[in-house]
Amino acid sequence: TCIDCQAGLTPTSSKGDCVQCAAGQFSPAAGTQACVQCDAGHYSLEGATACVACQAGSANPSAGQVNVSACVPCVAGQHSSGSRATACTACVAGQFATAGSSSCIDCQAGLKPKDDQSDCEECTAGQHSASAGSATCTPCVAGEYALTGATACTACPAGTARVASPGVSVDDCVECTAGQFSATVNSTTCD
């Protein structure tokens, strides 16, 4: 009488015995005639009845992997949102992700992503980002200034002007000299 090999096992070539499926393979049910290689995004240990999916935040591009170390954590600036990933995906502009992330996060207003999208950094003085998820900081126009990490530019007050490039503090708004004035905020000249 023949007996089926149990799940996780396969018959030897002589059909006289059962052996465990090699690591990187599996046998899902009793009576399976051959072990099946695990797909990319998975791995298995010896004698497996199913392959194990790589966790979100990691990826495995190759089939037949033999242990969890084949599931490589995503590098900073990339993510894998679900299990079984075969590759990590770059964050879209305006977002960042730390190493091993399962999702990307919008940078808050006043910030922009670092070049490698590993974190956010403040907008430099004279620039701003008005909303979360901004990919870049926008320079202020003449007649305005912005402090580091600004979410908006601030108009130079009446009685002052900022002629050239945007200022980095209210001190860059120059007071009009005697006999001249600027009646409105955001002036670029004193008349």
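This is a conversation about the disulfides, a salt bridge and a pocket in a predicted model.

Biologist: What makes Cys21 and Cys35 a disulfide?

Modeller: The S to S distance for Cys21 and Cys35 is 2.0 Å. A disulfide requires cysteine sulfur atoms within 2.5 Å, so the pair qualifies.

Biologist: How many disulfides does that rule give?

Modeller: The count comes to 10 disulfides.

Biologist: Why is the disulfide of Cys21 and Cys35 called left-handed?

Modeller: The torsion about its S-S bond is about -85 degrees, so the disulfide is left-handed.

Biologist: Which parts of the chain does the pair of Cys21 and Cys35 link?

Modeller: Distant ones: Cys21 sits in the loop between β2 (18–20) and β3 (25–26), and Cys35 in the loop between β3 and β4 (36–37). The two cysteines are 14 residues apart.

Biologist: How do you know whether Cys21 is buried or exposed?

Modeller: Buried means under 20% relative accessible area. Cys21 has 0%, so Cys21 is buried. Cys35 has 19%, and therefore also counts as buried.

Biologist: What makes Cys74 and Cys88 a disulfide?

Modeller: Their sulfur atoms are 2.1 Å apart, and the cut-off is 2.5 Å, so Cys74 and Cys88 form a disulfide. The link is left-handed, with -85 degrees about the S-S bond. It connects distant parts of the chain, with Cys74 in the loop between β8 (72–73) and β9 (78–79) and Cys88 in the loop between β9 and β10 (89–90).

Biologist: Why is Cys88 called partly exposed?

Modeller: Cys88 has a relative accessible area of 22%. Buried would need under 20% and exposed over 50%, so Cys88 falls in between. Its partner Cys74 has 1% and is therefore buried.

Biologist: What makes Cys123 and Cys137 a disulfide, and what is its handedness?

Modeller: Their sulfur atoms are 2.0 Å apart, which is within 2.5 Å, so the pair is a disulfide. The torsion about the S-S bond is about -80 degrees, so this disulfide is left-handed. Cys123 lies in the loop between β14 (120–122) and β15 (127–128), while Cys137 lies in the loop between β15 and β16 (138–139). Both Cys123 and Cys137 are buried.

Biologist: How do you know that Glu121 and Lys112 form a salt bridge?

Modeller: Their side chains meet at 2.9 Å, N to O. The limit is 4 Å, so the contact counts as a salt bridge. The structure holds one salt bridge.

Biologist: Why is Glu121 called partly exposed?

Modeller: Its relative accessibility is 31%, which lies between the 20% and 50% limits, so Glu121 counts as partly exposed.

Biologist: Where is Gly31, and which residues is Gly31 in contact with?

Modeller: Gly31 is in the loop between β3 and β4. Leaving aside neighbours within four places in sequence, Gly31 is in contact with Asp4 and Cys5. The C-alpha atoms of Gly31 and Gln6 are separated by 6.5 Å, though these residues are 25 apart along the chain. The relative accessible area of Gly31 is 25%, which is neither under 20% nor over 50%, so Gly31 is partly exposed.

Biologist: Which residues line the largest pocket?

Modeller: Gly31 is one of the lining residues, and others include Asp4, Cys5, Pro11 and Lys15. The pocket has about 190 Å³ of space.

Biologist: What classes of residue make up the lining of the largest pocket?

Modeller: The lining has five nonpolar, four polar and three charged residues. Gly counts as polar, so Gly31 in the lining belongs to the polar class.

Key
Residues are numbered from 1 along each chain as its sequence is written. This is a predicted model: local features need pLDDT of at least 70, side-chain atom pairs count only at pLDDT 80 or more; totals for chains, interfaces and linings use all residues. Side-chain values use heavy atoms; hydrogens and water are left out. Helices (H or I, at least four residues) and strands (E, at least two) are DSSP runs, numbered from the N terminus. Buried means under 20% relative accessible area, exposed over 50%, partly exposed in between (1.4 Å probe, protein chains only). Contact means heavy atoms within 4.5 Å. On a 1 Å grid over the protein atoms alone, a cavity is a set of points where a 1.4 Å probe fits but cannot get out, and a pocket is an open set with protein on both sides within 12 Å along at least five of seven lines; lining residues have an atom within 4 Å of a point. Grid points are joined across faces, edges and corners, and a volume is the space filled by probe spheres set on the points.
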